[in-house]
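Q: I have a model on my screen and would like to learn how to read it feature by feature. Could you take me through it slowly, giving the idea and then the case?

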Amino acid sequence: MSRHAQETRLIEPVSERDHVIGPADAPLTLVEYGDYQCPYCGRAFPIVQALRKRMGARLRFVFRNLPLTQIHEHAEHAAEVAEAAGAQGRFWPMHDLLFQRQFALDDASLLEYAAELKLDVERVTRELADGTHRERVRHDFLTGVKSGANGTPTFFINGFRHDGSFELEALLAALEQAEGAGHGVSR
Amino acid sequence: MSKGQEGQEAPDFTLPAADGTRVTLRSFRGKPVILAFYPADWSPVCGDQMTLYNEVLPEFERYGAQLLGISVDGVWCHRAFTKDRRLKFPLLADFEPKGDVARRYDVYRSADGTTERSLFVIDAAGIIRWRYVSPIDVNPGADGILNALESLTDARLPA
């Protein structure tokens, strides 16, 4: 009774509100809950890129926000700036840039990146000040926590939490195993 | 008879906290309490688990719940860990006699000298409503706690 297998399933299915790379009908979906200031997420970033390259059209990748704001002072604004870029159709370029420039995520730097990506910087500034994307980030955070996300990064493969290492070989093996398990588990 | 099970009254205790005060379980009667036993300060998984709970605190507070972290580490260790992770909830030292409270909840690991990574949700009347023992190396996250709090609907405060 005290040791029941806890089901750790994604409670919020991937939908059009998500930031998605890869075909909608890919047999594998990898969802990452991450924090732009988290060093482990920084380490996972090139690994996810390598995975996407390796797996091609078999993989759909989704990123959701899980900023740990108490230990990472810039994590919330970084997440909101990525969403602000998303509102201008440039989520992924900003997402990539934030992980590449993890060493400088203060507000001034964030706005520099917005300029670098040729975004409407005034709009980004205003949306950051108004907290326009705060609720979206909070929503991501809560769906992550309620799905059993237990730190950053947390990965879900076809809706199930991946508890192993996030090194390339480990993730690759877990993805291939899920693919072998067939479409029955696909969500 | 096994102790610290669902449906039983939560064994009362008084333990020193990182801030130098002494915390008594019974003093929280009237609101739900979350007990999070974890093996040790500073080990990577624990760090994540307590850091995550720190971040989820506003959600726990929506249910009026009090979170207490418990390990066999001493108060000075807890103090350094609390400061480093900027924790906003008490860490209690089950240090002397070592693991005494953990034993009363049947979550002491004699072989390791630490506690199980285990969670308890206690209702406003002091009854254990949910108990979960996680594999020692798996951070159980917060979803089970939130579900258990949700099921104590009568204890829920207006959002």
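Q: What share of the 159 residues of chain B counts as buried?

A: This is a predicted model, and burial is judged here by counting, since a residue is called buried if 20 or more other C-beta atoms lie within 10 Å of its own. By that count, 45% of the 159 residues of chain B are buried, and for chain A the share is 40% of 187 residues.

Q: How compact is chain B, given its radius of gyration?

A: The idea is to set the radius of gyration beside the value that a rule for globules gives for the chain length. Chain B has a radius of gyration of 14 Å, close to the 15 Å that the globule rule gives for 159 residues, so chain B is as compact as a globular protein of that length. Along its principal axes, the C-alpha trace of chain B spans about 40 × 40 × 30 Å.

Q: Which elements make up chain B, and in what order do they run from the N terminus on?

A: Chain B contains four helices and nine strands, and from the N terminus on the pattern reads β-β-β-α-β-α-β-α-β-β-β-β-α. To see how such a chain folds back on itself, one can look at contacts between distant positions: in chain B, residues 24 or more positions apart account for 66% of the contacts with a separation of 6 or more.

Q: In what order do the five strands of the open sheet in chain B stand?

A: The order within a sheet need not follow the order along the sequence, and in chain B the five strands of this open sheet are arranged as β5-β4-β3-β8-β9, with mixed pairing. At the edges stand β5 (91–93) and β9 (128–134) of chain B, and each has a single partner strand, so one side of each is left without a neighbour in the sheet. On average, neighbouring strands of this sheet are turned by 20 degrees against each other, direction ignored.

Q: How many bridges join β3 to β8 in chain B, and what pairs with β3(B) in the parallel sense?

A: Strand β3 (residues 33–37) of chain B is joined by five bridges to strand β8 (residues 117–122) of chain B, and these two run antiparallel; here Leu35(B) stands opposite Phe120(B). With strand β4 (residues 66–71) of chain B, β3(B) pairs in the parallel sense over five bridges, and Ile34(B) has Leu67(B) as its bridge partner there.

Q: Are the faces of β3(B) covered or open?

A: A strand has two faces, and each can be examined for burial in turn. For β3(B) both are covered, with Val33(B), Leu35(B) and Phe37(B) buried on one side and Ile34(B) and Ala36(B) buried on the other. Apart from its neighbours within four places in sequence, Ala36(B) is in contact with Tyr53(B), Leu67(B), Gly69(B), Ile70(B) and Leu119(B). Helix α4 (residues 143–151) of chain B lies across β3, β8 and β9 of chain B, running at about 15 degrees to β8(B).

Q: Which residues have the most contacts inside the largest nonpolar core?

A: In soluble globular proteins, nonpolar side chains tend to be buried together. The largest nonpolar core in this model has 84 residues, and those with the most contacts inside it are Val81(A), Ile34(B), Leu35(B) and Ala36(B). Helix α2 (residues 75–87) of chain A gives the largest share of this core, seven residues.

Q: How many residues does each chain bring to the contact between them?

A: Chain B brings 20 residues and chain A brings 15 residues. On the side of chain B that touches chain A, α1 (44–62), β9 and α4 of chain B each supply at least two residues, and the largest share, seven residues, comes from α1(B). By type, the residues of this side of chain B divide into eight nonpolar, six polar and six charged.

Q: In what order do the strands of the open sheet in chain A stand?

A: Chain A, which has seven helices and five strands, forms an open sheet of five strands in the order β1-β3-β2-β4-β5, again with mixed pairing. Its edges are β1 (19–21) and β5 (160–162) of chain A, each with a single partner strand, so one side of each is left without a neighbour in the sheet.

How values were computed: Residues numbered from 1 in each chain as written. Chains lettered and ligands numbered in written order. Predicted model: local features only at pLDDT ≥ 70, side-chain atom pairs only at ≥ 80, totals over all residues. Pairing = 2+ DSSP bridges. Axes fitted to C-alpha atoms, helices over the stretch in contact; angles between N-to-C directions. Contact = placed C-beta atoms within 7 Å. Nonpolar A, V, L, I, M, F, W, Y, C, P; charged D, E, K, R; others polar. Core = buried A, V, L, I, M, F, W, Y, C linked by C-beta atoms within 7 Å. Buried ≥ 20, exposed ≤ 12 C-beta atoms within 10 Å, placed from the backbone. Rg over C-alpha atoms; globule rule 2.2 N^0.38 Å.
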